[in-house]
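Ready for a few exercises at the bench-side screen? Have the sequence and the 3D view open, try each task on your own, and then walk through the solution.

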Amino acid sequence: MTTHQGDLALLQDPVAKRLLQSPVPARLAYVWTDGTPRVVPIGFHWNGSEVVLGTPPDAPKLKVVKNGTTVALSIDTTTPPYKVLQIRGTVRTDLVEGIAPEYEALTIRNLGEEQGRAWLETLRPLCPRMARIFVIPQWVAVLDFESRFPSALERAMEAAAVAG
């Protein structure tokens, strides 16, 4: 039986697992102080239960992304058939001295050992503290455009099959 969109069990789907380890940035969506939406690309680290984002403590997004804030994340591929992981959840934040270990892990994953270490050494004096944004999943969707499609397209495909 297919797991329904929204079910946290979709985090175990092979597409989701691949995307949670991919080097592409996530797109973080939140609402700004004036009520308008914002979407920013941001590196991420999956710790097995939360998506962890590292950012400087004075990053503008931290004005509105605080403990209990609801956000959305999208992680996707850039070539067809497109693969998409969508997560909606709530946030918890903290502040760490130095570079967050999750940020270090995502940097090495994305840039490789040598380039990643070089970037981290450049960043250390610039970022003596780092804020972490933990996104706690509450709703998950996977689209693979092979067996899982956006709901409107799935309904149209089902109607076409019935109409024969």
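## Exercise 1: The sheet

In this predicted model, an open sheet of 7 strands has the order 2-1-5-6-7-4-3, with antiparallel pairing.

**Task.** Work out which strands stand at the edges of the sheet, and why one side of each is left without a neighbour.

**Solution.**
- Step 1. Go to the two ends of the order 2-1-5-6-7-4-3.
- Step 2. There you meet strand 2 (37-42) and strand 3 (45-46); each has a single partner strand, so one side of each has no neighbour in the sheet.
- Step 3. Now look at how strand 3 is held: strand 3 and strand 4 are antiparallel and pair over 2 bridges. As a residue to click on, take H45, whose bridge partner in strand 4 is V52.

## Exercise 2: Strand 7 and its partners

**Task.** Find how many bridges join strand 6 to strand 7, and how many join strand 4 to strand 7.

**Solution.**
- Step 1. Strand 6 and strand 7 run antiparallel and are joined by 14 bridges. One place to see this pairing is V91, whose bridge partner in strand 7 is V135.
- Step 2. Strand 4 also runs antiparallel to strand 7, and here 5 bridges join the two. T55 has A131 as its bridge partner in strand 7.
- Step 3. Check the cover as well: 11 of the 15 residues of strand 7 are buried, and the strand is mostly covered.

## Exercise 3: The nonpolar cores

**Task.** Say which strand gives the most residues to the largest nonpolar core, and list the contacts of L53.

**Solution.**
- Step 1. Start with the core itself: the largest one has 29 residues, and L20, V51, L53, L85, I87 and V135 have the most contacts inside it.
- Step 2. Next, ask where the residues come from. Two or more are given by each of helix 1 (14-20), strand 1 (26-31), strand 4 (51-55), strand 5 (70-76), strand 6 (84-97) and strand 7 (129-143). Strand 7 contributes the most, with 5 residues.
- Step 3. Zoom in on L53. Setting aside neighbours within four places in sequence, L53 touches L28, I42, G43, F44, A131, R132, I133 and V135.
- Step 4. Finally, keep a second, separate core in view: it has 10 residues, including V96, I99, L106 and M130.

## Exercise 4: Salt bridges

**Task.** Find the salt-bridge partner of D76, and decide whether D76 is buried or exposed.

**Solution.**
- Step 1. Recall the principle: side chains of opposite charge can pair when their charged atoms come close.
- Step 2. The model has 8 salt bridges by the rule used here. In one of them D76 pairs with R27, with the closest N and O atoms 3.9 Å apart, which falls within the 4 Å cut-off.
- Step 3. Place the partners: D76 lies in strand 5 and R27 in strand 1, 49 residues apart, so the pair links distant parts of the chain.
- Step 4. Compare the accessibilities with the cut-off. Buried means under 20% relative accessible area, so D76 at 19% is buried. R27, at 29%, counts as partly exposed.

**Task.** Now find which salt-bridge partners R124 has.

**Solution.**
- Step 1. One partner is E104, with the closest N and O atoms 3.1 Å apart. This pair links distant parts of the chain: R124 is in the loop between helix 3 (113-123) and strand 7, while E104 is in helix 2 (residues 101-111), 20 residues apart.
- Step 2. Both count as partly exposed, R124 at 30% relative accessibility and E104 at 21%.
- Step 3. R124 also bridges to E121, where the closest N and O atoms are 2.9 Å apart.
- Step 4. One more set to locate: D94, E102 and R132 are joined into one network by salt bridges that share partners.

## Exercise 5: Helix 2

**Task.** Identify which residues of helix 2 are buried, and what they pack against.

**Solution.**
- Step 1. The buried residues in helix 2 are E102, Y103, L106, T107 and I108.
- Step 2. The buried residues of this helix pack against strand 3, strand 4, helix 3 and strand 7.
- Step 3. Look just past the helix: G112 follows helix 2 and has a positive phi, near 90 degrees.

Key: Residues are numbered from 1 along each chain as its sequence is written. This is a predicted model: local features need pLDDT of at least 70, side-chain atom pairs count only at pLDDT 80 or more; totals for chains, interfaces and linings use all residues. Side-chain values use heavy atoms; hydrogens and water are left out. A nonpolar core is a set of buried Ala, Val, Leu, Ile, Met, Phe, Trp, Tyr and Cys residues joined through side-chain atoms within 4.5 Å. Buried means under 20% relative accessible area, exposed over 50%, partly exposed in between (1.4 Å probe, protein chains only). Helices (H or I, at least four residues) and strands (E, at least two) are DSSP runs, numbered from the N terminus. Contact means heavy atoms within 4.5 Å. A salt bridge is a side-chain nitrogen of Lys or Arg within 4 Å of a carboxyl oxygen of Asp or Glu. Two strands pair if DSSP finds at least two bridges between them.
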